[in-house]
Each structure stands twice: as structure tokens, then as C-alpha cells.
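Reader: I would like a close look at the places where the chains meet. Please describe the contacts there and then the salt bridges that go with them.

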Number of protein chains: 4
Amino acid sequence: MKALVYHGPGKKSWEEKPNPTLLQATDAIVRIYKTTICGTDLHILKGDVPEVTDGRILGHEGIGTIEEVGSAVTTFKKGDRVLISCISSCGKCDYCRKGMYSHCDQGGWILGHLIDGTQAEYVRIPFADTSLYPIPEQADDDAIVMLSDILPTGFECGVLNGQVKPGDTVVIVGAGPIGLAVLLTAQFYAPATIIMIDVDDNRLLAAKAFGATHTINSQEKDAVKEVFSLTENRGADVAVEAVGIPATFELCAAIIAPGGRIANVGVHGKSVELHLETLWSRNITITTRLVDTVTTPMLMKTILSHKLDGTKLITHHFALSDILKAYDTFEHAAREKALKVILTSK
Amino acid sequence: MKALVYHGPGKKSWEEKPNPTLLQATDAIVRIYKTTICGTDLHILKGDVPEVTDGRILGHEGIGTIEEVGSAVTTFKKGDRVLISCISSCGKCDYCRKGMYSHCDQGGWILGHLIDGTQAEYVRIPFADTSLYPIPEQADDDAIVMLSDILPTGFECGVLNGQVKPGDTVVIVGAGPIGLAVLLTAQFYAPATIIMIDVDDNRLLAAKAFGATHTINSQEKDAVKEVFSLTENRGADVAVEAVGIPATFELCAAIIAPGGRIANVGVHGKSVELHLETLWSRNITITTRLVDTVTTPMLMKTILSHKLDGTKLITHHFALSDILKAYDTFEHAAREKALKVILTSK
Amino acid sequence: MKALVYHGPGKKSWEEKPNPTLLQATDAIVRIYKTTICGTDLHILKGDVPEVTDGRILGHEGIGTIEEVGSAVTTFKKGDRVLISCISSCGKCDYCRKGMYSHCDQGGWILGHLIDGTQAEYVRIPFADTSLYPIPEQADDDAIVMLSDILPTGFECGVLNGQVKPGDTVVIVGAGPIGLAVLLTAQFYAPATIIMIDVDDNRLLAAKAFGATHTINSQEKDAVKEVFSLTENRGADVAVEAVGIPATFELCAAIIAPGGRIANVGVHGKSVELHLETLWSRNITITTRLVDTVTTPMLMKTILSHKLDGTKLITHHFALSDILKAYDTFEHAAREKALKVILTSK
Amino acid sequence: MKALVYHGPGKKSWEEKPNPTLLQATDAIVRIYKTTICGTDLHILKGDVPEVTDGRILGHEGIGTIEEVGSAVTTFKKGDRVLISCISSCGKCDYCRKGMYSHCDQGGWILGHLIDGTQAEYVRIPFADTSLYPIPEQADDDAIVMLSDILPTGFECGVLNGQVKPGDTVVIVGAGPIGLAVLLTAQFYAPATIIMIDVDDNRLLAAKAFGATHTINSQEKDAVKEVFSLTENRGADVAVEAVGIPATFELCAAIIAPGGRIANVGVHGKSVELHLETLWSRNITITTRLVDTVTTPMLMKTILSHKLDGTKLITHHFALSDILKAYDTFEHAAREKALKVILTSK
């Protein structure tokens, strides 16, 4: 089969690899129908995720059709259409039983990371019964691909952890795909005000179209001052960090209202300065989270009932065999006005 | 001044009464600008609320302008435009400190019940600081009147107590004004399916227009069977009782899914049969609640930000002096296709 | 092997039965070391649980040693000492993923009910990975047996559903083993007052010894009046029904304070009268629940750290082969002053 | 009257001051019966709290007797015995209505800070109805003094924010009075393991006596290594920072388990380094809080029912007129083995 293979920092190729085979009784082999590229894949390609080794097939998102299941798989059979979760969950360990699949003793984020991933014609999925989800007939396939990672990440790490409530003022820092996923799913809870902060006017335009009530280009304006001026000097009830650098986290801490919640979604490579000398008395909550995908069934229902339109995040379509072109587009997101790209297998 | 006065079961008149005066230092006198009629007022007029005595001015909803405040009132001053809450809250007792204003030691629902109410040119409001809310300039006055009672009642007793969540299946039994208020505010939480059950096709049409995904006329169809057929035989995650008779409560109990919540909103005059012989093992929750109006500030924000359109509930307008005509319309709601009526003072 | 077999209402025998064998890859065969008898077993023997058929081995509690595991079992191996949960959980279905194991699509309460149970020398346990728990070396075996059913039932159905909080007034109606399990685990949350109501003075004495601050013999005194007199006329914050008849449920409803929670634990055979005509406005919550055993790992930690002494519930010990004698004792609990009995295999 | 007056960094005296008088209708004048000294008072005396100005009477804790009330005070009258909360709450503003009294628009922590405090023979208490609590007859007065600040602070900022649950592993960093208050109130929730970390062996001995299951002297041992070794390498479910310096906060962050909660109680003067490069994916929660004293009524019940023994925190007693000696003792806490001191007026 063909697959997108990582060969060390800066190097990848679309090349022939052996088809995956069942290794455990709980595995399934899935023929990939659609997949996508994640910002994390770019991090890997920069060499920022050293546990990814030469020869690894990338990708942790996608939908497809069951090709074969191990003897212990009871929920799925050959021919079933399935959504692949970016998080593998054994369903048995303490973390899985608590709904914290991200920290599964044997699973978690392993696809396209510690084992071969989904940017390929076939993929082996461990713990298939508890890591795949059936796709209902009426579903829009492109929208369903957004349930592999970006929508549960935005929703769980940003919206649920931020405890967004009706009438709240929510500030999202970072209008990339993940910040926009926060924006889409925050609207489940009817916040009164959603302010999107970014440095790219195109993305801020997208944010407006997706439901932001206000946008701030933080290169042009003092974002802290703007947020306070938009909130009668109160600050944000919820601030979502969706970039992953110290400046944006510290911006969240600077604009949070007493009693507010800072939900970190970004993947950070450095420590940040936390101003406890002012924050200690402000009754705030800061959360971090690797997505658990525990809300995937809930989000599936919101997609099927059109409360959530996952396709809004999709700007480009490619054939799976054109994945190198798709990477080029995604790597130049600003130039290409790209959010998520969909790769479809023949 | 003129006021709508109760004179025993079946008897009311629009008559001259002395203007109210300050009795406590925490009182305010409000000149009524707009008020409305509640289903509860009709109950009183039937004689169902015996603690309401001859001579009582009815009404517990409305907006107006502060005419005079007692010496202990610090939040409001003459001329301020205010929303009157149907629940008076002293702000000091244990119940008030816990946010359960409905059971305030000295307040609760007293307006138009134990003391004179708002269907008059002036009204005395006890505990003004904690029972009135300022009306922002940009507000739509008619929408704000809906915050006195019906919107917080639907939201608190139905939606919050029912714990509506994204993707849920919500069934509302009773498409009167209060059931429709539940319907409007349930949508804050992005349920996938909202089924409205009633016997009046006009009200079911309104429900569809207000966001119900399905409607059932329970005189024409077997509502239990319909709900199970619409939910792949699972039943409702949330069932809201918004009528107040045994049959509708028992319908809610018959359609609830394991793990589901039955939120009672209706005012009941009789006991109901609770089938614990089947329900004991179904992990359900049943709640009752007299509205606390603790969410009024939150709902105000959703009104001002247009996440909630309270005016949808309003079908008729009258001059305050035409209140007898308004009562006639409201008493014949089916004939008149009436939901809420607004009475406006000159 | 020998087993306790049900032969229709009123009939049981300790007789020879074939050893169980693995039927599914996820099964385990457990050699029983200790088991016990549940009030539910007595219900079955009265004929109250018609889905239990002639020839069924009873029992859904116990500990033992793994004898054999199916090919898909990964957590346990021959020789492991395990706690058997009364609830079988597949770990894969929607209910299991939500922590509502009681309603598992293929499991739930099936042991000694729909499949053969634990009152035998060996038992087949379905979904072994997610229905058994390892027993740490230092554990007191008798205490661990109480984790199969009675302690999680008291804790989940009574204490968690009742939302017991520090300083609360908790009333428990029914001082049988399950009511006492509520009493023991309620103390995790430091309620100020725990009132136990029963008609048996011996059990009330046990309740006092277990931590009840007050007891009421409801045959000697008016329980409603007593509760209000003990609570400065406020009523109970939490009322736990642990009997299963209309009178005791209705007693809970009569003593509940505004804002209070009624947690039903009892197994009911008849409907009850729910006085919504008074309760509709009292902001109460009523819950039902079949135990999910989702808190078993948490309770295990409280047992191991001596925050909870499960052995307090145990009054009698028998050899497993003397189970008919044990049944006789348990059936005459008042006469024998029996709470839980432990049956130990040689 | 006599009072303890601050005269700039390092300077205080017990001197004659005019008696306080009512300034607002909602004020009460309380004759102090017992008061105490807080670590915060020492901070003020070091000059760390610049908004405290020369001439200010210190102290924000105590009990006493109502001497006089303003015209708007309805809950208390001359002669009532009252607990003074360290947080003044107007009961009317948005923050107060949400239970976040610490951020009351006009109140919050003002006593002995922005207005004269309780280390005096008399004190003026603003918003008396919502900032004082009646003391029941049977109460132990010394224990009640601990409800002014230290017990609600430990409970709200440490235990509630840390979401302590039965079976949890709780680590408390700092065994001063506030850390010990966390320790006492954490036991409301039956954690399995409570590890206290400090550098003073006397305080660690006290911690053991108060219920810590393990203690670590972090000057003698590597605290991080010890915590992981005590928790089978999992880390803490809850880590409470009760010192207020970067090193102790960073220790909490180093020992927290995935899914854990870090509750900051300490008052910080400097920023800390937050290692988001490792924490971003660990699903943790960090909270800060200035005590709201919203749990004072709940804690009062636990004191009265002997679930909580506040007197354990008290090591020394002085006459109020010996307050300078008491300060000396409290300032040399290690030498004097002092926790809280009680000052009693004649």
C-alpha cells in the first residue's frame, strides 16, 4: 500500500509500505476513505516530537471501512463504515473507566506517533471496539472526519474545560483550525460575546463568519485593552489559549475576569510565567487537557442533527495520492487561506 | 390609582385603589410601564389559591420606573427603569444566600399573592435591591417583561433541572407559554432533538416555529409509542412536564430513558402515581422547583445579545386600562391563539 | 461442583451441578472463596423476580481466584485473587462508556439472575476485564466481599444520588444491611446529623453504633413529627429510602426540606403516591438507581485506607456448604440479629 | 478604646483610639470578645500590603457582641453574639449574588486592610446582615473564632477547589496554620492518603496528630521522589499550595497526577514558572481563590456537630491587652510552636 512516511525532521515521502496486519485480538484493519492533516503532523515534521521515529506513517484522523477484525472485536465487522478516533482507548484501565482516554495505560495518542497512522491506504487500529465509532448512513463524510480530533479537542479542552455558560464572555486566542473548532462548539452554550484574537485578518474574517461577535488583530491593537473595553472593564469569563506559546497564554491570564476560567488547548514547547502575585486572589481556574474524545458520541449527535456544521472547517480537498500537495497547502495556511484539508482515497 | 383587583373566585375588577406607599426601608415604589398576565393569575381567579384574599391586586410580572425608594435601598433611585422579578428575595436569609430565592424567609412569590401586585399603575416592591434588576438602554422592553417570570421559570425549572446537554433528546409535554419558554431556553444547550407534545395543533405549530424538531398531538397519536419510535426505542434524556396534571406527569415517567431526567414545571393540584416498581432500577431523576429567578442576570445577557428572543412569546398587546379585555383573550387562549399578552400603561 | 439452586418460589437446594465453562473469549471462571446472601436473593425465592427460572444458581456477590480466562481477557490470569462485581459491564456499549454499567447492553445485573451466580464453588464471569477487580494483598477478605454489591449500592444509590454534603441532615429510612451501608458511606461527607428510622430496636442500636446521631422507632413515635422536631422544623436535606414499600417512600417525601434530595435505594413492587400538589414548589430532587458499581475502585481505596470498615456489616460466618443454614439465619434476620453473613469455601 | 494600630512597616502599637461609630445604615458596632492574629497581619507589618496605611487598626477575625446596629440592619440587635467574617459582603452585587463575596463591589477583604479591624475593643462591621453570623448557645467560642478566616480559607481555597474525593491522595505543601486547616477540612471527604510536606518537624508532628497519613520533611528528603514512591508512581490527585512562594507552587506542579487538581491557597508575591511544556497534556486543573466565606454556615454546622474541631489549631491564649506579647509569640511560631493564638477581652 501507499503511505505518508516520516523520515526525520523535514523529510517525508508518499511511498510503498507493507499492508498492516492484525497484531492483537482487539485490533481492526481499516481501509482509509478520508483523512486529514493536523497541526501536530507539522510539529512532528519539524522534529518537535522526538518519540516519532524514522519510518513512521503519520496521521491520526480519518474515516474508512473495516477490512478485518481480530477475534475479540465484537462491535464491528468487515464492511462497517467507521470513524477513527485520534485517541486509542483500551476501555479497561482506570483512566479509560474514568473517561480519561487520553491517558489510557496502553493507548492514548499513539496513532501516527508511536504506531503507524492513518495517512495511508490502510491502518491498524488497536482496541477497535472502544476506539472506532460507527458512521450512520445519513452522515456527511467530510464533517465526520472533523470528529477524529479537531472538534473533540476544541470542545473538550476549550469549551468543556472553560465551562462556557449562557451569557458568558468568551475570548479565544488563536483563530487557526483549533481555535475555530472552539468557536463552533462554544456556541452550544449560548455565550453572549465571543471575541477572537489573532494576527491574521483572513482568519479573523473566518471567525466572524463562524459566529465570533468581535475580533481583535493583536498586531494592530492592544488586545488586553480591547478586551477590557468590550467587557465594561470586567474581562473574560472564559479565555481559551489555542496557539501554544508563552505570549498567548500570558495574554489569557491578563484578560481573565475574577472567577474566570483559562482553558489551555495549545501544545506548548516552553514554560510560561504565571503571575500568581496578582492571580492568587482572583478565583480563577486554569486547565490543561489532551483530548479524551470522550464526547465523540455527543458530538456525533450534534453533527447529525445539524447543530454543528463540521464542514465549515474544511477549505481544500485532495486525492489521498496528492497528499504531498496537501501538506504544502496546509504548511502555507496563511498564503493558501487553508484551514482543514480533506484527503480522499479513490 | 387604577388596579386589577381580585374579589373571590370568578370575580375581578379594574378599579380605583389607593397608591402604594413605602412600608419598609428596603421597599421601592415602581410606576408600572408594562405588565402581563400569568396562567397562575387564572388559577387564582378559579379559587385554586386560597391564600389570595378578596381585595388583592393581582400580577407578579412587569417593568417600570422607580418612583420612590426606602432609606435602605442603595442600588436604585427615582427614575431608574427596572425589571420586577416575580420572586422577592431579601438577600440575607439562608435560602437567599444559597440562591434559592423561591424559599426566601420573608419573600418568595408574594407579589399578587400575599401582597398587592403589578397589574396596577403602581406597585410596592419589597427588598428592592435584590428583587429588581436594572434595564439597559438598548433593551427591547417587551422582551424584558418575559424575564419577570416565564423565561426564568422555563429555564430554571425545565432546562437547568432537566440538565439539557448537547446532543440530548428533550421531550416537552405542554406547548402553552411555559412549555414554549422551556423550548426556547433549552436551545441554549444544543439538544439534537426536541419533541413537543400537546393537544392543540396551533400550539404545536408555534412549537415547530420556535425550534421543536418534532411535534406530537397526543389526542391523535399514542405519545409514548411515538417518542420511542423517534428515539430508536431509547426514550427521552429529558422530559419536561409543563401542564400540571397527573396524566402529563405520568406520560413523562413513561417515556424517560434510563439515566434520564424528569423536570416538573407544572403547578399540580393533585397527587400523581409514581411507578417505582419499574422506575426504581432505571437511574432517573425527578425534580420540582418554584422558580428562583437566580438566573435573571444570565438570561438578561442572552436577551441583550439576541441569543434568546423573548418577544416570540408575545401574541397580543393591550393598554393597561384594557386589562379586562386582555384577561378575556388570555382566558380563551386556544380560540385567540394567545400566548403572552403585553399590557402597556400610557 | 456444589451450588445453591433455585427451583421455583420457596424452593432451593444445595446440589451437584456441572462446573461452568468458558463460553465467550471475554469470560473468566472464578473459584469462589467467599460469598454472601443478598436481600434480593430472598425476593427471588419468594417468586418476586419472575425472570429467574428453575435451575438457576443464585448469588451475585463474592471473591475468589481466577481458574481460567478466555482468550480476550488481558487483565487477569489464573491464580489472581479477584472481587466479583454484582454488575457485569461489557466496557464497550454507550451505557458502559458513560459509567452506567447497570444498563450495559449485554450485562448489568445478570449473575444469579439471568445466568448462574456465585453461590457455588465456581462461577463463570462474563466481561471479566471490566467486571472483576484485583484484590490487593493487604486487604481484609470479608470486607472486600462487601464491595460486590452492598457498599456500592448504599454509596451510589443513597449517598451520591442524595448528594450528601458536610453539615447536612440525612435521614435514612430502613436500618437493614443496605440502610446501614448508606449510613457507613454517608460519613465520607461529614454530615452533621444522621437520623435512622426503623421499626426494629436492634437495628436501631446497630445504627447508633455505626454512626447515626439519632434513631427513631417509627412504630413507637410519629417519625415525621420527630424529624421536624430534630431539625428545627426544617426537615431533611437528604432522605434515603432503603426499604422498598410505599409507606417508607411517602415518609421520605413527607420529611424532605425545600431543596432536599430523596434518594431511592429500595426495590419496589408497587407504585407510590407522589404528592406533587405540595412538592411541585419545594425544589426537591428524587432519584432512583440500580447500582452501577462505577465507584468500586474508589470504595476499594477507602476500605484499604480504613476510612470505611466493611466488616461492620458482617454478623455471621458459615462454611459455603452450610449455605442452607446461612439462608435460614438471613431469612430470620430480626430473630438472629443478622446483617450480612459470610460463606467461606474450604 | 484600645486598639492595635499599624504605623508603617515594622511599627505597631496598642494605643487609645476613638470608638467606632455607625457610618452607614447597614453597619453594626461589635464589642470584641475574642480575636486572633493572621499570617496576613504579619505581611502587613512587613510592609508587603501597601494599601494599608499608617493609623489603621489591624485584624479581620473575631467574635463579639452587637453593641449597636444601623437602621437597615434587620438580622441582628444589640446583645446578639456574632461571628465576624473576614470578608464583608454587601449581599446585593453580582459577585455576592453568585457567592463570590471575596470580590464584592463594596466589600471583600476590607477589615484591618482598607478600614479599621478587629484587634480592638470595638469594631465597625459594614453590611452587618450579610457579614456577621449568629453564634449558637452551645458553641465553643474559641472554635468559632477559627471560622472568621482560617477554616473557610483552608476549606474553600484548598479542599473545595481541590475537589477532594473519597479515596483520593491529597498532598498539602506547608504545615502552617492554613495548611493544617486544609488538612482538617480535607477529612470531610474521606481521602485515603494525606501527605503533608514542610521543613519544620514540629509542624509535621502536628500534621500527623491532625490526620496526615504521611509527612515529608522536604529539607531532608526529595519531596517529589517521596510522593511518587508513596503513590505507586502516580502522583497526587490533589496538591494544595499553602506557603506562597515559587518553590512550593512548582513542587505542587511536579507531583500532580494526570487529571489532578492544584489548589493554590498561598499568598504570592512573585510570579512562578508554569511548565506547560509538560503539563499541557496532563489534564490538570489549577485554581486560585481569595476566600469567599460562602461556606461559613456549612462549617458552623460541622463545628457544632463535632465533625470538625477548630480548637486543634489553637496553641496559645492571651488577654487582648497583651496583644503585643501575642504578636511576639506568633511572629516566632517555630520557636514557640505556635499555630493560632486567641486574644480574649476582659
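Author: What follows takes the interfaces of chain D in turn, then some individual residues and salt bridges.

The model is predicted, and every value below is computed from it. Chain A is a convenient place to begin. In its interface with chain D, 35 residues of chain A are in contact with 35 residues of chain D. Chain A and chain D bury about 2,900 Å² between them, and 58% of that area is on carbon and sulfur atoms. Zero salt bridges are found across the interface of chain A and chain D, while 23 residue pairs there are in polar contact, both residues being at pLDDT 80 or more. On the side of chain A that touches chain D, at least two residues come from each of β12 (256–264), β13 (272–274), α10 (276–279) and β14 (285–287) of chain A. By class, that side of chain A has 13 nonpolar, 14 polar and eight charged residues.

The symmetry of this pair can be stated briefly. Chain A is superposed on chain D by a rotation of 180°, with 0.0 Å of shift along the axis and an RMSD of 0.0 Å. The interface residues of chain A are, to 100%, also interface residues in chain D, so the two copies meet through the same surface.

Chain D also meets chain B. Here eleven residues of chain D are in contact with eleven residues of chain B. The two chains bury about 1,000 Å² between them, with 38% of it on carbon and sulfur atoms. Within chain D, the residues that lose the most area to chain B are D:Lys92, D:Arg97 and D:Thr130, which together account for 54% of what that side buries.

Two salt bridges are counted between chain D and chain B. D:Lys92 takes part in a salt bridge with B:Asp129, in which the closest N and O atoms are 2.4 Å apart. Twelve residue pairs between chain D and chain B are in polar contact, with both residues at pLDDT 80 or more. The side of chain D that touches chain B is made up of three nonpolar, five polar and three charged residues.

A rotation of 180° superposes chain D on chain B, with 0.0 Å of shift along its axis and an RMSD of 0.0 Å. This is the relation of a two-fold axis. Both copies use the same surface, since 100% of the contact residues of chain D recur in chain B.

One residue of chain B shows a contact with chain C. B:Ser281 sits in the loop between α10 (276–279) and β14 (285–287) of chain B. Its relative accessibility is 18%, and because buried means under 20%, B:Ser281 counts as buried. Leaving out residues up to four places away in sequence, B:Ser281 touches C:His103, C:Arg289 and C:Leu290.

C:Arg289 has a further partner, in its own chain. Its side chain meets that of C:Glu156 in a salt bridge of 3.5 Å, N to O. This pair links distant parts of the chain: C:Arg289 is in the loop between β14 (285–287) and α11 (296–304) of chain C, C:Glu156 is in helix α5 (residues 150–162) of chain C, and they are 133 residues apart. Both C:Arg289 and C:Glu156 are buried.

The count over all chains is 64 salt bridges. In chain B, the side chains of B:Arg261 and B:Asp168 form one at 3.0 Å, N to O. B:Arg261 is in strand β12 (residues 256–264) and B:Asp168 is in the loop between α5 (150–162) and β8 (169–173) of chain B, so the pair ties together parts 93 residues apart in sequence. B:Arg261 is buried, at a relative accessible area of 7%, and B:Asp168 counts as buried at 6%.

A salt bridge in chain D gives another setting. D:Lys78 pairs with D:Glu67, and the closest N and O atoms are 3.8 Å apart. D:Lys78 is in the loop between β4 (62–69) and β5 (81–84) of chain D and D:Glu67 is in strand β4, so the parts tied together are eleven residues apart in sequence. D:Lys78 counts as exposed at 57% relative accessibility, whereas D:Glu67 is partly exposed, with a relative accessible area of 29%. In chain A, salt bridges that share partners join A:Glu156, A:Arg289 and A:Asp292 into one network.

How values were computed: Residues numbered from 1 in each chain as written. Chains lettered and ligands numbered in written order. Predicted model: local features only at pLDDT ≥ 70, side-chain atom pairs only at ≥ 80, totals over all residues. Heavy atoms only, no water. Contact = heavy atoms within 4.5 Å. Buried area = accessible area lost by both parts, 1.4 Å probe. Salt bridge = Lys/Arg side-chain N within 4 Å of Asp/Glu carboxyl O. Polar contact = N/O pair within 3.5 Å; in protein donor to acceptor, adjacent residues only side chain to side chain. Nonpolar A, V, L, I, M, F, W, Y, C, P; charged D, E, K, R; others polar. Least-squares fit on C-alpha atoms with pLDDT ≥ 70 in both. Helix = DSSP H or I, 4+ residues; strand = E, 2+ residues; numbered from the N terminus. Buried < 20%, exposed > 50% of the residue type's maximum accessible area, 1.4 Å probe, protein only.
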